[in-house]
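Biologist: I have just opened this one and have not looked at it before. Can you walk me through it?

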Amino acid sequence: MSIVILLAIGLILIFINIRVIKRDNKDLFEEKLDRISPNSEDYNFEIGELRKEFGETIFELQKEIESLKEEIESIKKLNLKTKEKNFTDDNINKSNHEIHKKIDVVVDNNITDEDNDMGEEENLKAKEIKKLMKDGLSTDEISQRLNIGKGEVLLIQKLYIK
């Protein structure tokens, strides 16, 4: 008989505990939900503020990147202009110097009725350039072979070789 009483008391305790647990779970869930609900609006507001700040920061960074790109482009354009100017100035100075040399030679030739008063070196260069041109070499190849500038090759070609 004591076994039946113990069993009955055990079942009653289990039944009571199950009811208390069910009631507590409902209350705990509702309490947690109530605690979260008012705070969730605060969290949503804070999340919105953070998104706004990040958006503004990213926008500012994009503006800075665009301004840096524009500065780089202007610097590149300025560098190209100075390089072109230096290149053309150098070429103009070189070609002017070469032209003055050749004009002096041509003027001397015209005065003496082409008595071959031009120096032997220029005469040899003209002959070599003429020969290499007949062989079918380009201006670049001729200037490399003779170790003279491309402008000089072109000038000799136009002045002496017809």
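Modeller: Let's start with one pair of side chains: E152 and K125 meet in a salt bridge, at 2.8 Å from N to O. Keep in mind that this is a predicted model.

Biologist: Where do E152 and K125 lie?

Modeller: E152 is in helix α4 and K125 is in helix α2, so the pair ties together parts that are 27 residues apart in sequence.

Biologist: Is that pair buried or exposed?

Modeller: Both E152 and K125 are buried. K125 has a relative accessible area of 18%, and it counts as buried because the cut-off is under 20%.

Biologist: What else does K125 touch, away from its neighbours in sequence?

Modeller: Leaving out the neighbours within four places in sequence, K125 is in contact with I148, E152 and I156. K125 itself sits in helix α2, which covers residues 120-134.

Biologist: I156 is on that list. Which other residue can you place relative to I156?

Modeller: K130. The C-alpha atoms of K130 and I156 are 9.1 Å apart, while the two residues are 26 apart in sequence. K130 is also in helix α2, and it is partly exposed, with a relative accessibility of 39%.

Biologist: How many salt bridges are there in total?

Modeller: The count is 2. E152 with K125 is one of them. K150 also forms a salt bridge with D140, where the closest N and O atoms are 3.5 Å apart. That pair links distant parts of the chain, with K150 in helix α4 and D140 in helix α3, 10 residues apart.

Biologist: And how exposed are K150 and D140?

Modeller: K150 is partly exposed, at a relative accessible area of 42%. D140 is partly exposed too, at 39%.

Biologist: Let me step back. What is the overall make-up of the chain?

Modeller: The protein chain has 4 helices and 0 strands. Read from the N terminus, the elements go α-α-α-α.

Biologist: How much of it is buried?

Modeller: Of its 162 residues, 11% count as buried. The accessible surface of the chain is about 14,100 Å², and carbon and sulfur atoms account for 57% of that.

Biologist: What about contacts between parts that are far apart in sequence?

Modeller: Take the contacts with a separation of 6 or more: 50% of them are between residues 24 or more positions apart.

Biologist: Back to the surface. Which residues make a nonpolar patch?

Modeller: I3, L7, L11, I14 and I18 make one of about 520 Å². I3 lies in helix α1 and is exposed, with a relative accessible area of 61%.

Biologist: Which residues form a negative patch?

Modeller: D42, E46, E49, E53, E56, E60 and E64 form that one. E56 is in helix α1, which runs over residues 2-111.

Biologist: Why is E56 called partly exposed rather than exposed?

Modeller: Its relative accessible area is 42%. Exposed means over 50% and buried means under 20%, so a value in between is called partly exposed.

Biologist: Now the loops. Where is L137?

Modeller: L137 lies in the loop between α2 and α3. At 22% relative accessibility, it counts as partly exposed.

Biologist: What does L137 contact?

Modeller: Setting aside neighbours within four places in sequence, L137 is in contact with L132, I142 and R145.

Biologist: And which loop holds N147?

Modeller: N147 is in the loop between α3, residues 139-146, and α4, residues 150-160. It is exposed, with a relative accessibility of 69%.

Biologist: What is the phi of N147?

Modeller: It is near 55 degrees, a positive value in a residue that is not glycine.

Biologist: Why point that out?

Modeller: Because most residues other than glycine have a negative phi.

Biologist: Fine. Remind me which link joins α4 to α2, and which joins α4 to α3.

Modeller: E152 in helix α4 pairs with K125 in helix α2. K150 in helix α4 pairs with D140 in helix α3.

How values were computed
Residues are numbered from 1 along each chain as its sequence is written. This is a predicted model: local features need pLDDT of at least 70, side-chain atom pairs count only at pLDDT 80 or more; totals for chains, interfaces and linings use all residues. Side-chain values use heavy atoms; hydrogens and water are left out. Patches are made of residues with over 30% relative accessible area and no salt bridge: like charges are joined within 9 Å, nonpolar side chains (Val, Leu, Ile, Met, Phe, Trp, Tyr) within 5 Å. Accessible areas come from the Shrake-Rupley method with a 1.4 Å probe; for residues, only the protein chains shown count as cover. A salt bridge is a side-chain nitrogen of Lys or Arg within 4 Å of a carboxyl oxygen of Asp or Glu. Lys and Arg count as positive and Asp and Glu as negative; His and the chain ends are not counted. The place of a charge is taken as NZ of Lys, CZ of Arg, CG of Asp or CD of Glu. Helices (H or I, at least four residues) and strands (E, at least two) are DSSP runs, numbered from the N terminus. Buried means under 20% relative accessible area, exposed over 50%, partly exposed in between (1.4 Å probe, protein chains only). Contact means heavy atoms within 4.5 Å.
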